[in-house]
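Visitor: Please take one part of this model and look at it closely. I would like the side chains, their surroundings and the rules behind each term.

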Amino acid sequence: MDAGRGEPDLGMLAGRLTRALQEELFRRLAEEGHPDVRPRHGTVLAFLEPEGVRATELSARSGQHKQIVGTIVDELVELGYVRREPDPGDRRAKRVVPTERGRDEITKARAILSGIEDRHRRALGDERFGVFKDALVEVARSQSDWNRGA
């Protein structure tokens with residue numbers, strides 16, 4: 001809380017928003033046939049491309065350590081959402097490629113998140129929501145840059 005005004009600080013607000021989004025997203029994904037996907041799996045699934053991506057790239061995109069990404073990929077392989085394939089550009093490297101089940105989850109997750117965003121856009125109006133989202137992107141980028149020492 002902001003001691004001067006009794007309002008939640010940025011960290012509290014960001015945490016509330018993240019938890020509320022995840023609760024809705026993963027409840028609805030479970031209802032749509034993906035009850036075994038957890039928020040941690042988004043570290044991989046949210047950043048995959050149809051042709052696959054190297055784990056090092058997933059690590060860079062998600063901001064997670066390569067070891068964490070590797071553990072999550074192992075879980076997703078076991079659950080049938082991704083597979084590892086040789087990278088066509090470097091046979092020594094592997095790409096993480098979504099399976100049909102993984103592509104279905106990614107498509108549904110994106111549609112659910114788009115619907116959530118549309119709901120908030122309607123509630124705030126296009127202009128206010130646009131300003132809010134632009135500001136949120138800027139704050140997130142600024143914080144990431146600070147964390148990297150930029």
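Guide: Here is a close look at helix 6, followed by the nonpolar core. This is a predicted model, in which local features need pLDDT of at least 70, side-chain atom pairs count only at pLDDT 80 or more, and totals for chains, interfaces and linings use all residues. Residues are numbered from 1 along each chain as its sequence is written, and side-chain values use heavy atoms, with hydrogens and water left out.

Helix 6 covers residues 126-147 and contains L136. Helices here are DSSP runs (H or I, at least four residues), numbered from the N terminus. F129 and F132 also sit in helix 6, three residues apart, so about one helical turn separates them.

Take the rings next. The count is one aromatic pair. The ring centres of F129 and F132 are 6.0 Å apart and the planes meet at 50 degrees, so the pair is tilted. The rule takes rings of Phe, Tyr and Trp (its six-membered ring) with centres within 6.5 Å; planes under 30 degrees apart are stacked, over 60 edge-to-face, and the rest tilted.

Now burial. F129 is buried, at 5% relative accessible area. F132 is partly exposed, at 41%. L136 is partly exposed too, at 39%. Buried means under 20% relative accessible area, exposed over 50%, and partly exposed in between (1.4 Å probe, protein chains only).

F132 and L136 join L17 and L124 in a nonpolar surface patch of about 320 Å². Such a patch takes residues with over 30% relative accessible area and no salt bridge, with nonpolar side chains (Val, Leu, Ile, Met, Phe, Trp, Tyr) joined within 5 Å. A salt bridge is a side-chain nitrogen of Lys or Arg within 4 Å of a carboxyl oxygen of Asp or Glu. Areas come from the Shrake-Rupley method with a 1.4 Å probe.

Turn to the core. The largest nonpolar core has 21 residues; V44, L45, L48, L58, L76, V82 and V96 touch the most other members. Helix 1 (10-31), helix 2 (42-45), helix 3, helix 4 and helix 5 (100-124) each supply at least two of its residues. A core is a set of buried Ala, Val, Leu, Ile, Met, Phe, Trp, Tyr and Cys residues joined through side-chain atoms within 4.5 Å.

L48 is worth a stop. Beyond neighbours within four places in sequence, L48 contacts V53, L58, V82, V96, P98, I106 and R110. Contact means heavy atoms within 4.5 Å.

Definitions and conventions
Patches are made of residues with over 30% relative accessible area and no salt bridge: like charges are joined within 9 Å, nonpolar side chains (Val, Leu, Ile, Met, Phe, Trp, Tyr) within 5 Å.
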